[in-house]
Amino acid sequence: MSTATETEHGGWLGLSVKRKEDDRFIVGRGNYIEDIRLPNMLYMAILRSPFAHAKINSIDTSRASELPGVVVVVTGAILAEHKLAWMPTLSGDTQAVLATDKVRMQGQEVACVIAEDVYVAHDALDLIDVDYEPLEAVTTPQAALEAGAPLIRDDKEDQADNKIYHWEAGDAEATEKAFAEADKVVRLVTHYPRCHPAPLECCGCVADVNPATGKATIYMTSQAPHAHRTVFALVAGLPEQNIQIISPDIGGGFGNKVPIYPGYVVATAASLLLGRPVKWIEDRTGNLISTGFARDFYMDGELALKSDGTMTGLRVKMLSDQGYAFADAQPSKFKAGLFHIVTGSYDIPAAHVVTEGAYTNKAPGGVAYRCSFRVTEASYFVERLVQTAAYELGVDPAELRRQNFIPPEKFPYTSATGFEYDSGNYEPALDQALERVGYKELREEQKRAREQGKLIGIGLASFTEVVGAGPSRQYDIIGIKMFDSAELRVHPTGKAILKLGVKSQGQGHETTFAQIVAHELGIPPEDVTVQEGDTDNTPYGLGTYASRSTPVAGAATSVAARKVRDKAKKLAAHLLEAAEDDLEWETGKFFVRGAPERAKTIQEIAFAAYTDHPEGMEAGLEAVDYYDPPNMTYPFGTYAVVVEVDRGTGEWKVRKVVAVDDCGTRINPMIVDGQIMGGLTEGYGIAAMELITFDEDGNCIGSNFMDYLLPGSWDTPSFELGETVTPSPHHPIGAKGVGESATVGSPAAYVNAVIDALAHAGVRNIDMPLTSGKVWAALNEAGLAE
Ligand code: CDP
């Protein structure tokens, strides 16, 4: 099953083992929510608000209830009787399950029809009569904070305006001083627009509450099944041991399947009340307009520099459009996620970040769309600002980066806003990217092209990511500490089962986590079954998002396997009649030092654990580890993008993309490459075309794949990948996360490339997405249009 054998390769790490899970996916035997059909099952459809902001005068469900096949129509009023009309969000705010008093966004859930047939459920939606009284919609955070703006959360007693939070990080005084003493100050004002994770599979669930036992089995599209079980227990008051969340195969999550959505709650409540399973499958429009969006940060920042190019200070103000509820999935302490990592890869001694969030009449969410809690916005901003500074100083953007990189000898490095970077070595990644892209020659070509009236741009981004939350002392989500877990059982025949608290959505965990066990114990990956997603059968964990699986659950797997190895050593000593201290380990076996023929394989030892264990020792060979990481991991890299811009139309084409990534030890290089290519594609989509926007009445424009554009195979550039390896010093196998590096790092590289093509004419910023219309306007303004 592997492309090389372990023996040829010399180990199970760094080996491109083919993905075990693909065997079932490529023959159509995956098991997604839509595949689940239970006896006696009912179907649910959701009525959504056509208005962004409106008072609800009345909801008349009588016509819908009379449609043959309709079992019940659920409204907010019914839920209110069970204290379920509102639910908590992951940021400690509240969000309506079904609207009672008002609707506060277009697409908000107003009523649900439960019927014998899915088509009947949808037909009945048209028969629900809602009397709305439209109100003025607030569609930007700037407008939301103006005096006299309509109050969006008038349901909250202590909320007198639309402001959600004000949060600061860094040292204001030291930063002011740096700016006062600067030779040059460079400013960038830009918006990272609202986009959407848009997983191929939308959200859905089958809730099955057994009326005889009270057990609630909820099959749901969940990236965090254990945390969701706890939230269900707290919100619905159900005993937690009676709730089983099963997250089967998931068709992409990207952060979108971290929050709890009203559909899950109503389906579960309905199953509880009706005593029958209820299935809800979201449609694409529902997904795009009502579930966790991403980004939507307005950023205004400045960089202080010495005349020789040394960066001395950074200050950023950020205003966030949160929608009608503060529902970011992020560590509780950090109101703007990890945005304060905005100093990026640079040794900037002073920094200060001021952030504010505001309610608007839009969907809540602010999910970490393939990023670690807002690091994407931070990385985008600093990489754009550094590029801007290079133009203002008249120096080469690559050299300005190199000059200001955190030098390797300064690691572990504490940033001005309080992050402790575990390891890094940025210059080799930059050098490799420049070499592979042919940077020097390109700069020459760019000059010649300009003389001929052609526009070529070269964009760089030397990003630093921060992934793998905890440590739990610093990171929790609504009080649940961020750690993760692994439980490893080795069976008598030497085959093993590994149970994890995280949950893959396509990342290949069944393969890579089995490789970690193979590395630690010598049990080949094909003999290790990895189980995730069933809360009754896996140890508690916080789930998969923010690239935490490898840094946290990967470490838990290593440690659990090492615990198994410790017991295996005792068993081997018993079997070999030798002292433990005389034994040595070589992947897959213990042998007596100096007598390698006296050996016991892990398989022989496993058999003995159940058939021939010494007196006084418990039978069995298994271990559990709850791993609380001492720190996050800090993957990094340099991306280089080359574009050609058409002066006649504003269209831009990507000529080349080089991505050099460093995620420490690579477990499975093929899977890592796949993760990076996927991220580079998403980064391209965000830079070039993806946009969830709204008209002045709050109508969502971008509610289907005709309006919300995703890059297809025709649009997507091809990618050249490179790597450097700087292991994490605190991870048991030196691995850092990689799942989101490319989504975090690449948007700035694409945008920098287009700006670079126009920079000689003074263009410094075009807000994403860089549609040809916007580039055309910039060409005109700069006098470059043809
Ligand atoms: O949390 P999530 O699975 O999304 O992200 P990740 O931990 O960065 O891993 C994504 C995939 O890449 C997983 O299957 C990992 O095991 C694999 N990976 C790897 O092979 N080597 C690394 N250093 C990091 C991730």
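Helices and strands here are DSSP runs, numbered from the N terminus. The model is predicted.

**Exercise 1. Find the loop that holds Ala 198, and state what is unusual about its phi.**

Step 1. Look between strand 10 (184-195) and strand 11 (204-209): Ala 198 sits in that loop.
Step 2. Read the backbone angle. Ala 198 has a positive phi of about 45 degrees, although it is not a glycine.
Step 3. Set this against the general rule. Most residues other than glycine have a negative phi.

**Exercise 2. Locate the cis peptide bonds that precede Pro 471 and Pro 769.**

Step 1. Start with Pro 471. A cis bond joins Gly 470 to Pro 471, with omega about 20 degrees. Pro 471 belongs to the loop between strand 20 (455-464) and strand 21 (476-477).
Step 2. Go on to Pro 769. Met 768 and Pro 769 are joined by a cis bond, with omega about -10 degrees. The loop between helix 19 (741-758) and helix 20 (772-781) contains Pro 769.
Step 3. Recall the usual case. Most peptide bonds are trans.

**Exercise 3. Describe the shell around the ligand.**

Step 1. Take the count. The ligand is surrounded by 23 residues. The closest are Gln 507, His 509, Ser 549, Thr 550 and Val 738.
Step 2. Sort the shell by type. It has seven nonpolar, 13 polar and three charged residues.
Step 3. Assign domains. Domain 1 (4-29 + 484-627) and domain 3 (294-469 + 631-781) each supply at least three shell residues.

**Exercise 4. Trace the polar contacts of the ligand, then say how far the protein covers it.**

Step 1. Use the cut-off: N or O atoms within 3.5 Å make a polar contact.
Step 2. Check the ligand oxygens. One oxygen atom is 2.7 Å from a side-chain N or O atom of Thr 512. A backbone N or O atom of Val 738 lies 2.6 Å from an oxygen atom of the ligand.
Step 3. Check nitrogen. A ligand nitrogen is 2.7 Å from a polar backbone atom of Thr 665.
Step 4. Finish with cover. On its own the ligand has 520 Å² of accessible area, and the protein covers 98% of this.

Notes: Residues numbered from 1 in each chain as written. Predicted model: local features only at pLDDT ≥ 70, side-chain atom pairs only at ≥ 80, totals over all residues. Heavy atoms only, no water. Near = heavy atom within 4 Å. Polar contact = N/O pair within 3.5 Å; in protein donor to acceptor, adjacent residues only side chain to side chain. Areas by Shrake-Rupley, 256 points an atom, 1.4 Å probe, with all protein chains shown as cover. Nonpolar A, V, L, I, M, F, W, Y, C, P; charged D, E, K, R; others polar. Domains from an automatic or database assignment. Helix = DSSP H or I, 4+ residues; strand = E, 2+ residues; numbered from the N terminus.
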